Amino acid sequence: MAQWEMLQNLDSSFQDQLHQLYSGSLLPMDVRQHLAVWIEDQNWHEAALGSDDSKASMLFFQFQDQLNNECGRCSQDRETFLLQHNLRKFCRDIQAFPQGPTQLAEMIFNLLLEEKRILKQAQRAQVEQCNPILEAPQESCQPEIESRIFDLRAMMEMLVKSIGQVKDLQDVFSFRYMVFCKGKTSSLDPHNSKQEQLLQETLNELDRKRKEVLDATKALLGRLATLVELLLPKLEEWKAQQQKACIGAPRQPGLEQLEKWFTAGAELLFHLRQLLKQLGELSEVVKYEGDTLRQGVELLNAQVTELLQRLLHRAFVVEIQPRMPQAPHRPLILKTGSKFTVQTRLLVRLQEGNESLTAEVSIDSFRKFNILTSNQKTLTPQKGQRQGLIWDFGFLTLVEQRSGCLGKGTNKGPLSVTEELHIIRFTVKYIYQGLQLELKTDTLPVVIISNMNQLSIAWASVLWFNLLSPDPQNQQFFSSPPAAPWRLLGPALSWQFSSYIGRGLNSEQLGMLRDKLFGKSSRTEDALLSWADFSKRESPPGKMPFWTWLDKILELVHDHLKDLWNDGCIMGFVSRSQERRLLKRMISGTFLLRFSETAEGGITCSWVEHQDDDKVLIQSVQPYTKEMLQSLPLTEIIRHYQLLTEENVPENPLRFLYPRTPRDEAFGRYYQEQVNLEERRKYLKHKLIVVSNRHVDELQQPLKLELEPELESSELEQMLVPKPGLDLDLEPLLQKSLDLGPVLDPTVEPKLDLGLVLEPVTAPTIFMESQPVPEPDLPHDLQHLSMEDMEIFRNGLNIEDIMPNDDPLLAGQSIMEEPYVSDSSHFDTDGPLSPSEC
């Protein structure tokens with residue numbers, strides 16, 4: 001009842017067409033709905049257009065039986081009085097048809113064709129409006145197919161019994177015929193006349209029974225063809241879902257249910273093929289004039305074989321598309337010299353007990369490749385019975401063929417390596433019950449790269465092809481790649497995050513990406529983006545292709561920010577203008593996390609400050625990249641972030657995660673555990689923190705990351721105690737009330753704070769604090785230290801380079817990591833808003 005259920009879900013305009021269709025038909029709509037399952041289950045095409053009228057006659061009488069049975073059921077329910085009337089009226093009407101059964105078959109066949117035409121119109125309209133294509137309710141599909149298979153098995157049992165009756169009746173006729181021939185004397189003998197009459201009656205009964213069996217076989221074959229017509233679209237639907245799942249869409253259910261249905265259908269067809277063989281043998285035993293059994297069996301046998309071939313060829317599929325173990329989240333990308341896996345499956349789980357099935361793999365591509373290891377996989381009957389007809393290729397490797405003296409083969413075509421599409425083909429020679437077929441199936445097109453640096457752009461090609469190509473085997477797709485409408489591209493971008501990280505993109509985040517691609521003036525879902533604009537053309541302000549920018553963010557989030565992203569702590573995709581609108585009405589200290597639009601894989605923190613003059617200041621730090629987050633998690637950066645005021649008093653300006661979640665409540669569960677103070681008392685502890693100076697009049701400088709090694713407490717103290725005789729007068733400094741920190745508690749281990757300075761608008765400053773344990777003497781290496789030209793303090797605390805880099809105590813240790821340098825972001829720091837904007 002799939003077609004009728006789909007018709008009931010149409011919009012009103014298409015339902016009006018349906019009402020108009022049945023208003024001019026002799027078949028009442030309520031009768032069509034009440035008998036929808038039976039009507040859609042019959043092969044009206046053969047009955048209406050076939051050369052044999054017996055099919056139409058058989059359906060005509062079966063239709064009458066259905067009408068009479070339904071009338072009997074409706075007579076017990078008063079609420080179905082109108083339906084009972086229409087059933088009886090239509091039963092009388094069809095009996096008055098001038099052409100009888102043929103006219104009925106043609107009428108219903110034409111009605112079903114018109115229904116399909118209306119459905120196709122509705123589906124095209126749904127696609128244009130970006131609504132889901134109409135589908136039958138999923139919960140009703142499985143019971144319907146199961147019910148059909150159950151009915152077919154019952155019909156098969158009845159056919160087996162009928163063939164047994166034909167065989168018995170044929171044996172009776174053969175016996176009586178031999179008796180008649182042996183005892184035949186004279187044509188005037190009354191005994192012979194009686195035997196001849198009995199023999200003729202037996203032959204008539206045999207002929208009638210043979211025709212009934214032939215009609216029942218045709219009916220069974222028709223219903224099997226209907227079952228196949230139901231199963232094949234289900235398989236195509238699974239393939240379409242698999243293609244979308246390869247680029248991140250939610251995964252589709254497995255093939256177990258389809259395997260069960262395909263196997264059941266094939267078993268019935270093979271059984272029917274054996275029964276037709278028996279009928280053919282019976283037709284050879286008894287032959288008489290006007291016998292249609294032999295000719296009918298040959299025709300039915302050809303139809304069964306054709307249906308079996310169609311089912312088996314489609315049942316051989318690629319269950320798991322090719323993928324490399326080092327990049328399982330990005331299938332259909334293969335690297336030369338690297339192993340990859342792929343798995344095929346035959347959904348018809350039927351195998352001869354003594355026949356092994358071997359699958360062979362080959363590749364059809366622009367360039368020539370050799371397949372290392374074995375390109376064959378053999379499935380024994382024992383293994384096939386245990387696991388199913390599955391060929392799992394787990395260790396295949398591609399190596400490009402060398403072309404003569406030119407070395408490896410080169411790509412001389414118009415397409416780049418990452419736009420070349422290659423197809424891997426599998427072939428199996430299938431044998432079962434005398435039927436021999438060569439089954440073939442192909443993978444989705446794969447991209448073959450030679451370096452993992454090409455993985456990102458290769459994935460862009462895979463994404464674009466499987467999102468837009470109507471033909472899954474079109475290897476020339478990138479010769480003229482179509483543009484992608486936003487209604488398709490937007491969900492696909494969200495799939496990249498949901499499949500690889502866990503949480504997809506919401507409407508606001510997708511809106512920011514749409515504005516970045518098409519501009520704020522384009523708000524339609526049909527806005528088109530070309531392949532070049534997506535993957536090749538550099539787009540301002542970041543001067544990098546859109547996909548490169550987005551893929552770097554994917555990598556950053558997966559490697560360092562996965563939990564924060566899945567918990568919704570990262571707003572991520574938000575423009576600078578939207579950031580201002582969100583933050584300017586929040587209380588001071590409210591901050592959000594967003595991705596940089598200029599840095600490759602960078603995330604920045606922006607917060608709001610309300611000034612005394614009622615102005616609003618939006619501050620942003622220079623974006624953090626994966627290199628920095630490898631040293632310090634983002635949660636620790638937020639936790640210990642310090643901003644130096646004009647009085648050089650450090651404070652953490654990050655107080656509330658947007659909109660009003662306290663910082664420690666939002667990130668507390670991600671904080672690193674406290675260090676055990678009882679451990680390693682010999683060393684001063686240190687931690688890496690982030691500090692920024694509040695100086696808005698200086699130019700922004702590149703960020704530098706310096707890590708000081710752990711120092712023994714005695715060594716650090718010796719470095720800080722001046723040598724007698726040095727010209728270092730501390731009295732003026734003490735008069736300025738210099739705060740050298742609290743007195744060290746001997747029971748608490750001191751910590752060394754290593755300042756990592758991040759300034760949105762000023763040059764970074766390295767800030768280090770320590771509380772050393774007093775020691776009497778300076779080490780020998782510091783006795784010659786000259787401090788005459790060193791200015792330690794000016795307008796506040798600024799301690800620089802207390803220890804030289806060539807200190808022998810630190811020989812062999814690197815105290816300076818490679819500096820991190822990034823381009824200035826166009827939205828790193830915002831100036832104060834005007835009063836009108838507040």
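**Aromatic pairs and charges over rings**

Both W607 and Y641 are buried, and these two residues belong to one of the aromatic pairs in this predicted model. The count of such pairs comes to 24, and the pair of F393 and F426 is described below alongside that of W607 and Y641.

**The pair F393 and F426**

- The ring centres of F393 and F426 lie 5.4 Å apart with the planes at 45 degrees, so this pair is classed as tilted.
- Because F393 belongs to strand 7 (residues 389–400) and F426 to strand 8 (residues 423–432), the pair ties together parts that are 33 residues apart in sequence.
- F393 is buried, with a relative accessible area of 3%, and F426 is likewise buried, with a relative accessible area of 0%.

**The pair W607 and Y641**

- Between the rings of W607 and Y641 the centres are 5.8 Å apart and the planes stand at 65 degrees, so the arrangement is edge-to-face, for which the angle must be over 60 degrees.
- W607 is found in strand 14 (residues 603–610), while Y641 is in the loop between helix 22 (634–640) and strand 16 (642–644), so the contact ties together parts that are 34 residues apart in sequence.

**Charged ends over tryptophan rings**

- The ring of W565 has the charged end of R503 sitting over it, at 4.3 Å from the ring centre.
- In the case of W549, the charged end that sits over the ring is that of K516, at 4.5 Å from the ring centre.

Technical notes
Residues are numbered from 1 along each chain as its sequence is written. This is a predicted model: local features need pLDDT of at least 70, side-chain atom pairs count only at pLDDT 80 or more; totals for chains, interfaces and linings use all residues. Side-chain values use heavy atoms; hydrogens and water are left out. Rings of Phe, Tyr and Trp (its six-membered ring) pair if their centres lie within 6.5 Å; planes under 30 degrees apart count as stacked, over 60 as edge-to-face and the rest as tilted. Helices (H or I, at least four residues) and strands (E, at least two) are DSSP runs, numbered from the N terminus. Buried means under 20% relative accessible area, exposed over 50%, partly exposed in between (1.4 Å probe, protein chains only). A charge sits over a ring if NZ of Lys or CZ of Arg is within 6 Å of the ring centre and within 35 degrees of the ring normal.
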